[in-house]
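Student: I have a model open and want a quick tour. Can we start with pockets?
Tutor: Sure, here it is.

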Amino acid sequence: MGQRSGRQERSKKPEMSLSENLTAEEEDNKEENKELKTKDQRLPLVFGVADLKNGAVGLYNMGHTCCLNSLLQVFLMNIHFTGILRRITVPPNASLKRRNVPYQMLLLLEKMQSGKQKAVFPTDLARCLSVHRMDLFMQHDAAQLYLTLWNLVKMQIKDQDLVTKLSDLYTICVQEHLACQICSSETKRNSNMLTLPLPVLDSNSHKLKTLEDCLQCFFHPEELTGHNMCFCEYCEKKTPFLQSMKLVHLPQTLTIHLKRFCFERSASVHKLSHCLPFPEELDFNAVLTEQQSQAHDSEKAAWQYELFAVVTHSGSANFGHYCAYIRSLTECKWYCFNDSTVDQVSWDDVKCTYGHSDLYWGQTAYLLIYMKKHPQ
């Protein structure tokens, strides 16, 4: 059950046997191809109405997979993501199908939606991920695993139009400004990111009190002085710089990473569990100033969001457990996905994940996923 967040460490290789799945004989391939071909013919029928059937089905924990299970639920409950997933090109043979992450996610979605089980085993997808050197029997950090999963899906989708749609669905764009405080020369660089990594402490290590405070802190200009000075090619020496970030573009699905795990002076990882409220609705125009954005008015007009999911962590930086709170986009009801257990919950239950310094095993929000209220 335990999952560790923070620095990942090497561990033993997975105990899961992959030989029979990775070195299948030709005869087995032929039989499996027939079976998969039948599945492939059913997929359009199932996923043609998938957006109307996003029911709450759990995933069994197969060891240390509560982090993986929580993230899979966040992906597969997103009808915009599954809309892309069900348009992928099916790999041509059984061997490639076993190694293809988006295809295995599609089969898992079919398995979850076509049966009447309360929970299913994500075995085939787990084996597929093991092929790509994802160790399922180690402690994972949800933010890092989220990025790994997304990159695997993106790399294995062959249709470039779908790759573009996937990027548009999730990618944030910010512009970094660096200005020399001596000669006033300035450099600008655009960067794309999958998650918006927000500090939960200010520059003086004081606890930030709200999500809006975290956003203000992230986009607040920072002076780079002393050992943080940068080399200025015009001054031909290291000089003080002013560093700032400006928001350029926000996607349909916005993922916010609350940086609750930090390094102490002893180089050990420490979890910050203090209370940090986040809103059910978030308007970036009301949070950021004109100087903190570099976007057109038409872009900013769509910067109004509703909370879609919360990935929570309970425990310490060394040991803990993940689960996910997700609002069904078709039913508009909140569910708590705790591995194989799925319960309908209220917004008050979701607010209990704000955090509390005195509750060691209390659930603390770690990833916040927002959806645009009025997408362009």
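Student: What volume does the largest pocket have?
Tutor: The largest pocket has a volume of about 660 Å³. A pocket here is an open set of points on a 1 Å grid over the protein atoms alone, where a 1.4 Å probe fits, with protein on both sides within 12 Å along at least five of seven lines. Grid points are joined across faces, edges and corners, and the volume is the space filled by probe spheres set on the points.

Student: Before I trust that, what kind of model is this?
Tutor: It is a predicted model: local features need pLDDT of at least 70, side-chain atom pairs count only at pLDDT 80 or more, and totals for chains, interfaces and linings use all residues. Residues are numbered from 1 along each chain as its sequence is written, and side-chain values use heavy atoms, with hydrogens and water left out.

Student: Okay. How many residues line the largest pocket, and which lie nearest its centre?
Tutor: The lining has 19 residues (each with an atom within 4 Å of a point), and Pro199, Leu201, Ser203, Cys217 and Glu222 lie nearest the centre.

Student: Which element gives the most to that lining?
Tutor: β9 does, with three residues. β5 (195-199), α10 and β9 (241-249) each supply at least two. Helices (H or I, at least four residues) and strands (E, at least two) are DSSP runs, numbered from the N terminus.

Student: And by class, what is in the lining?
Tutor: Eleven nonpolar, five polar and three charged residues. Ala, Val, Leu, Ile, Met, Phe, Trp, Tyr, Cys and Pro count as nonpolar, Asp, Glu, Lys and Arg as charged, and the others, Gly among them, as polar.

Student: Back to α10. Which of its residues are buried?
Tutor: In α10 (residues 211-219) they are Leu211, Cys214, Leu215, Phe218 and Phe219. They cover an arc of only 120 degrees around the axis, so they sit on the same side of α10. The arc is that of the directions from the helix axis to the C-beta atoms. Buried means under 20% relative accessible area, exposed over 50%, partly exposed in between (1.4 Å probe, protein chains only).

Student: New topic: His274. Buried or exposed?
Tutor: His274 is buried, at a relative accessible area of 5%. You'll find His274 in the loop between β12 (269-271) and β13 (281-283).

Student: What does His274 contact, leaving aside neighbours within four places in sequence?
Tutor: Its contacts (heavy atoms within 4.5 Å) include Arg260, Tyr354 and His356.

Student: Tyr354 is aromatic. How many aromatic pairs are there?
Tutor: The count is 15. Rings of Phe, Tyr and Trp (its six-membered ring) pair if their centres lie within 6.5 Å; planes under 30 degrees apart count as stacked, over 60 as edge-to-face and the rest as tilted. Phe278 and Tyr354 are an edge-to-face pair, 4.9 Å centre to centre with 80 degrees between the planes. That pair links distant parts of the chain, 76 residues apart. Phe278 and Tyr354 are both buried.

Student: Which residues form an aromatic cluster?
Tutor: Phe75, Phe81, Tyr146, Trp150 and Tyr170 form one.

Student: Last residue: where is Met371?
Tutor: In strand β18 (residues 364-372). Met371 is buried, with a relative accessible area of 4%. The C-alpha atoms of Met371 and Phe308 are separated by 6.0 Å, although these residues are 63 apart along the chain.

Student: And what percentage of the protein counts as buried?
Tutor: 51% of the 376 residues.
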